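I opened this notebook to record what I looked up in one structure. The entries follow the order of my queries.

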Amino acid sequence: MAAKYQLRSISLPTRSHPTTARVEEELSRLQSWESTTSSASTSDSICRGLCGLEELYDCIDDLLQMASTQQLLSQHQQEKCMDELLDGSVKLLDICGITRDFMLQVKEHVFALQSALRRRKGDSSIETSIANYTSFSKKMKKDAKKLISQLKQADNMIVSQPLEQDLHLVAVIRVLRQVCAKNMSIFQSLLVFLAVPVSKSNRWSLVSKLMHKGVVACESQTDINGHELDGVDSALSSLCKSAEVEKIRIARKKLEALEVCIEGLESGLESVFRRLIKTRASLLNIISQ
């Protein structure tokens, strides 16, 4: 998958603990799948990543429901690492919510374009809908790039170690951090997918800049060529030059593909969003005991 974090090493003991074994299993499964997936961030690969996050957070929920885990975290609620995890959860919720809004707005523009294309040839609403979509698309890409930078900053903030080197505590904190980092990695893949510019040269320039910042893993220019958003951009650009029947047919086909893509991403984000809320609520309840 594209846009992987270059995660720094956290100097916590890596010895496993029985209570965190299932979470570590899911993390390993997601990591193995991620390493064998094509480096390109396609909508399908991102949807699978979001599904993996759902399973991961279900495991985290089970971990946080254990009486031993609750007692342990409650006893160490004043530690800085707990505050960092809570702050990280807020950032993930914010970015997930904003990205869900992106999906909703894309769908609205797609519906408007589909409606305009169903009308008679030459209808001015086609030009208006294309102009509105293009304006929104530019803003979304700009905002997505800002969110990528925010994710990197949030990752750099989660660095504190537990003061007490209790094996159970260290294991729980470690897996919570790893889940947070994996969540950030998959969200970043989605944001890079949304931020890809129309032109291939600009697209490669963006990825190169992010790579230089240590944010995105290296990938070939071929890998990032073409996806649903790019297909719609290309079809609409062609349609602006002449509203030929064949060009309208192609634009409709591309819009249908984008609609399916967005619905899949929206569904995955919604599921992850609910689990993020549940995990944060569990952590807050535990430390307030």
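The entries below go from the conventions to the overall fold, then to a cavity, the cysteines and single residues.

**Entry 1. Conventions.** I worked from a predicted model, in which local features need pLDDT of at least 70 and side-chain atom pairs count only at pLDDT 80 or more, while totals for chains, interfaces and linings use all residues. Residues are numbered from 1 along each chain as its sequence is written, and side-chain values use heavy atoms, with hydrogens and water left out.

**Entry 2. Overall fold.** I first asked how many helices and strands the protein chain has. I found nine helices and zero strands; both are DSSP runs numbered from the N terminus, with H or I over at least four residues for a helix and E over at least two for a strand. Along the sequence the pattern reads α-α-α-α-α-α-α-α-α. I then looked up burial, where buried means under 20% relative accessible area, exposed over 50%, and partly exposed in between (1.4 Å probe, protein chains only). Of the 289 residues in the protein chain, 53% count as buried. For contacts (heavy atoms within 4.5 Å), I took pairs at least 6 apart in sequence, and 84% of these join residues at least 24 apart.

**Entry 3. Cavity.** I searched the whole structure and noted one cavity of 30 Å³ or more. A cavity here is a set of points, on a 1 Å grid over the protein atoms alone, where a 1.4 Å probe fits but cannot get out; lining residues have an atom within 4 Å of a point. Grid points are joined across faces, edges and corners, and the volume is the space filled by probe spheres set on the points. The largest cavity holds about 130 Å³. Which residues line the largest cavity? I listed Tyr-57, Ile-60, Leu-85, Ser-89, Leu-92, Leu-176, Val-179, Cys-180, Leu-276, Thr-279 and Leu-283. The elements giving two or more residues to this lining are α2, α4 (80-118), α6 (167-195) and α9 (245-287). By class, the lining has nine nonpolar, two polar and no charged residues. For this count, Ala, Val, Leu, Ile, Met, Phe, Trp, Tyr, Cys and Pro are nonpolar, Asp, Glu, Lys and Arg are charged, and the others, Gly among them, are polar.

**Entry 4. Cysteines.** I looked for disulfides, defined as pairs of cysteine sulfur atoms within 2.5 Å, and the count came to zero. Cys-47 is in no disulfide, and the nearest cysteine sulfur, that of Cys-261, is 6.8 Å away. I also checked Cys-59, which counts as buried because its relative accessibility is 3%.

**Entry 5. Helix α2.** Ser-43 belongs to helix α2 (residues 43-65). I recorded Ser-43 as buried, since its relative accessible area is 4%. Beyond neighbours within four places in sequence, Ser-43 is in contact with Phe-193, Glu-228, Cys-261 and Leu-265. Ser-45 is also placed in helix α2. Is Ser-45 buried or exposed? I found Ser-45 buried, at 1% relative accessibility. A polar atom of the Ser-45 side chain lies 2.9 Å from the backbone oxygen of Thr-42.

**Entry 6. Helix α3.** I placed Gln-70 in helix α3 (residues 67-75). Its contacts, leaving aside neighbours within four places in sequence, are Leu-64, Gln-65, Ile-286 and Gln-289. Gln-70 and Leu-283 are 213 residues apart along the chain, yet their C-alpha atoms are separated by 8.6 Å.

**Entry 7. Helices α4 and α5.** Asp-87 sits in helix α4 and is partly exposed at 45% relative accessibility. Its C-alpha atom is separated by 8.4 Å from that of Ala-154, 67 residues apart along the chain. Gln-150 is in helix α5 (residues 124-157), and I noted this residue as partly exposed at 29% relative accessibility. The C-alpha atoms of Gln-150 and Ile-95 are separated by 8.8 Å, with their positions 55 residues apart along the chain.

**Entry 8. Helix α6.** I closed with Leu-194, which lies in helix α6 and is buried, with a relative accessible area of 0%. Leaving aside neighbours within four places in sequence, Leu-194 is in contact with Thr-99, Phe-102, Met-103, Met-140, Lys-141, Ala-144 and Leu-229. Leu-194 and Met-140 are 54 residues apart in sequence and 7.5 Å apart in space, C-alpha to C-alpha.

Conventions: Polar contact = N/O pair within 3.5 Å; in protein donor to acceptor, adjacent residues only side chain to side chain. 1 Å grid on protein atoms, 1.4 Å probe; cavity = no way out; pocket = protein on both sides within 12 Å on 5 of 7 lines; lining within 4 Å.
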